[in-house]
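Student: I should like to go through this model by asking, for each description, what justifies the words used. May we begin once the structure is displayed?

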Amino acid sequence: MNLVVDSDYQRSQFYQAYLLSVVREKQILLTTSLSLTGGALLLVASIVLLARPEYQGTRAGFADENYLKSGDCRSCHADHYASWARTFHSRMTQEATPANVQGDFTRNNSFEYLGVKARMEKRADGFFMILNLPDGNIQTAKIDRIVGSRRIEQYLTKQPNQYTRLPLAYDLVNHRWMSLNGSFFYPDGDNYFQHVAQWDSNCVFCHNVKAQPHLDFGNKKFATEVSELGIACGVCHGPGAAHAESALSPLTRTAWHLQPGEDKQIVDPLKLSSERSLMICGHYHGQRIPEPMDRIQSILSQGDPFNAGDDLAQFYRPIDRDSHIGPVAFASRFWPNGSPRLTAYEYQGILRSKCFRNGETGKRINCLTCHIMHGGDPRGQITDENRTDQPCLACHRQFGQTKALVAHTGHAAASAGSRCYNCHMPRVVYGIMAFHPTHDITVPAPQLTANSGVPNACNQCHLDRSVNWAITEARRIWPEQFAQAQLSPDDQFNLPEGPRALFAGDALTRALAADLMSGNGPTKPDPGWASPFLVEAFADKYPIVRFFAANGLTRPGVPWKGDKPDYLAAPEVRETMLRRWRDLTTVCPANVREQATSWSLKFQKPRRETDLEVGE
Amino acid sequence: MVTTDDTRSTTTAMEPAARWCREALVQGWISVAAWMTFGLLLEGLLGYKTPSYLLDDTRRELFRLAHAHGTLLGLILLAAAFSRQLFKLAPPRAAWISLRTGAAVMPIGFLLAGIWHYESDPGLGIWLVPPAALLVIFGAVAFAFAARGGNREGN
């Protein structure tokens, strides 16, 4: 019995011990497994935290402190990076590498102007511009950077104290070399180097992110730096280091995703007040002078103080018709009524517009009303929809109805005369070999042409009608608005406005008229009527007027075949071309040809010239 | 007698383990079948150049991860079940549960994160992935210890 009892007891003890050992073993296994899993988690977390990048404090002490480069933004904003990379903004200023340079340095690589024979060469060590001067001297410049990637490509060479813009550029539209004199409003002259300019004190501010010229005033030496070449993320979004630093945490990012309104420590132009958003673009698209003027010292030494989201007026004042810096006046950059006549003054245009001035504070019209930075057509940064009346109809809804539209415009609903842009944003602004819609959104006023020489929207279509005809029609269609408009007693305003402006206006007005007569305006004039005038316009002493005239003579659809006259050719060559083109256009009505000859002579002497550069 | 009783008691104790093993086996094969089917779908989207897949890098990556992890974890479940059979492993129930849960949740997390996602950032479904990964790691470690040490059937 004892043995049995003993045996049962022992068996029970054995089972207990066995079960305990099994349980203990399982516990040990579980504990060990959990510990190792926790260890693995700790290891992973440590590596991740050690490997995370640091953004805060980059470029500490410089004007571009805490600014990131576009590559830093790419890892999180791949779509935005891609949509930015396809814009001309992204390629505004670039290093002169084979991948970036578009100019022809290998085949059509020579160009003669004002007696200087230039040859452009691509060598193993880079791109070069070699100038054979009439006195036998040869100047060779290595091209280090390029500016522009859409219409013209300009070239910068690095010198000991500065970057210098070279006198020749490549016309990316017409695929040819050109003198920069061919893109400004100056007569041929004899100064080949007239438009050689300093990049560091000038171009750098509007074509890059956070320019810092670091000018040593004593030695007049620049050591220019930029946060990034071209127009990149920092321009619109400001310094991004704090944002990037916070965004490294997935928890923060999840919180941002769940609460889109939360402060992400970055500027989003779409969330700023409309005025502040406008200032971001205005900083680049609105030529400006420092405020106060002596701030120029710190700008040239330390750099541009403005960041996206700031009040631009704290640092700068937009240039207007009355502005001047010492003896340098800016009046010629504006039409007599104060409206800008050059690009890079879009900010001033918008500020003058009733759409902006009469808008509700914080919600006024601004650039993003029509333009889009991460979509649409890179040419103009605009969607197809916004090229129509759509942006205007967002506020002026009543004109979405055909009846109301026709009553408002006095033109057929589908015609060019019923398109908002054509009347309220006519193409009267010049920039880089093309005319653009003004951003000074106005009511057409044909009487302004007669009174002060401001081109009017009506005669942009009705080139074959006079200014006085336009005034009469305006009074008929809109009697209330034009009750005070008076016909001009000056007989020239009874002539067709297209040809009149082509010969009587200043160089910019003539170039604009040539462009409109070439069919680049809202309507396309009959080449049989327009061409004799364009032929005579090719005799103009301003290359830029000849450029537009030459384009018009050879535009698609003209009934004759002739080589495009070279607007930068030597005078004797141009004279030969002119004679050839006069012969070609003898098929045009004789009275038109006579008008072209007589009007070109009639207006040449009394007209006033205003020479001006663009963007300087 | 002791041996007989031990055997009886052990058999009784292992019955749930055998059930977990079978369930893992079923889940493993289903997982392989389902995520291979998903892989086939991805091939189709790729073959027919479907923009919503092809042009969306984040989605593409997450879907790939879902496909790869789903299939691989299915195979791991099968391996767990076979190793139990072959080597008479007896990992704790928690190991089975965590391995199976992790294997199911992780690819679903990737999938959901790819369907609804933000620019260059996965959707909220991605938050399912780290805990699922930890469950799988825990299960794997527990299996490793069961294979290494005494936790074998019949010990």
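Tutor: Please keep in mind that this is a predicted model. We may start with helix 21 (residues 543–553) of chain A, which is largely enclosed by the rest of the structure.

Student: How do you know that helix 21 of chain A is largely enclosed?

Tutor: A residue is called buried if 20 or more other C-beta atoms lie within 10 Å of its own. Eleven of the eleven residues of helix 21 of chain A are buried, so the helix is described as largely enclosed. The buried set runs from Pro543(A) to Leu553(A) and includes Arg546(A) and Asn551(A) beside Phe547(A) and Phe548(A).

Student: What covers the buried residues of helix 21 of chain A?

Tutor: The cover includes helix 19 (507–520), helix 20 (527–537) and helix 22 (571–584) of chain A.

Student: What makes a set of residues the largest nonpolar core here, and which of its residues have the most contacts inside it?

Tutor: A nonpolar core requires buried residues of the listed nonpolar types, joined through C-beta atoms within 7 Å. The largest such set has 108 residues, and those with the most contacts inside it are Ala511(A), Ala514(A), Met517(A), Leu534(A), Val545(A) and Ala549(A). Helix 19 of chain A gives the most to this core, with eight residues. Leaving aside residues up to four places away in sequence, Met517(A) touches Leu463(A), Gly498(A), Leu502(A), Pro525(A), Ala530(A), Phe533(A), Leu534(A) and Gly552(A). Apart from this core lies another, of 35 residues, among them Leu29(A), Phe110(B), Leu112(B) and Phe145(B).

Student: Why is Ile382(A) called partly exposed?

Tutor: The class lies between 12 or fewer neighbours, which is exposed, and 20 or more, which is buried. Ile382(A) has 16 other C-beta atoms within 10 Å, so it is partly exposed. Its place is in the loop between helix 11 (367–370) and helix 12 (390–393) of chain A. Beyond four places in sequence, Ile382(A) touches Cys370(A), His371(A), Ile372(A), Gly376(A), Asp377(A) and Arg387(A).

Student: What makes strand 11 (residues 208–212) of chain A largely enclosed?

Tutor: Five of the five residues of strand 11 of chain A are buried, so the same description as for helix 21 is given. Strand 11 pairs with strand 12 (residues 225–229) of chain A in the antiparallel sense over four bridges. Within strand 12, Leu229(A) is the bridge partner of Asn208(A).

Student: How do you know that strand 3 and strand 4 of chain A are joined?

Tutor: Pairing requires at least two bridges. Seven bridges join strand 3 (residues 116–123) to strand 4 (residues 126–132) of chain A, and the two run antiparallel; because at least two bridges suffice, they count as paired. Lys117(A) has Asn132(A) of strand 4 as its bridge partner. Strand 4 is also joined to strand 5 of chain A, by six bridges and again antiparallel, with Lys142(A) as the partner of Phe128(A). The hairpin of strands 4 and 5 has five residues between the strands, and Gly136(A) there takes a positive phi near 95 degrees.

Student: What order do the strands of this sheet take, and which stand at the edges?

Tutor: Four strands of chain A form an open sheet in the order 2-3-4-5, with antiparallel pairing. Strand 2 (110–113) and strand 5 (138–143) of chain A each have a single partner strand, so one side of each is left without a neighbour in the sheet. The twist averages 20 degrees from one strand to the next.

Student: Why is chain A called more spread out than a compact globule?

Tutor: Chain A contains 23 helices and 18 strands. Its radius of gyration is 33 Å, well over the 25 Å that the globule rule gives for 616 residues, so the chain is more spread out than a compact globule. The C-alpha trace spans about 145 × 70 × 50 Å along its principal axes.

Student: What does each chain contribute to the contact between chain A and chain B?

Tutor: The contact takes 21 residues from chain A and 18 residues from chain B. Helix 1 of chain A gives the most to the side of chain A that touches chain B, with twelve residues. The residues of that side divide into eight nonpolar, eight polar and five charged. As for chain B, it has five helices and zero strands, and buried residues make up 38% of its 155 residues.

Technical notes. Residues are numbered from 1 along each chain as its sequence is written. Chains are lettered from A and ligands numbered from 1 in the order in which they are written. This is a predicted model: local features need pLDDT of at least 70, side-chain atom pairs count only at pLDDT 80 or more; totals for chains, interfaces and linings use all residues. Axes are lines fitted to C-alpha atoms, for helices over the stretch in contact, and angles run from 0 to 180 degrees between N-to-C directions. Two residues are in contact if their C-beta atoms, placed from the backbone, lie within 7 Å. Ala, Val, Leu, Ile, Met, Phe, Trp, Tyr, Cys and Pro count as nonpolar, Asp, Glu, Lys and Arg as charged, and the others, Gly among them, as polar. The radius of gyration is taken over C-alpha atoms; the globule rule is 2.2 Å times the number of residues to the power 0.38.
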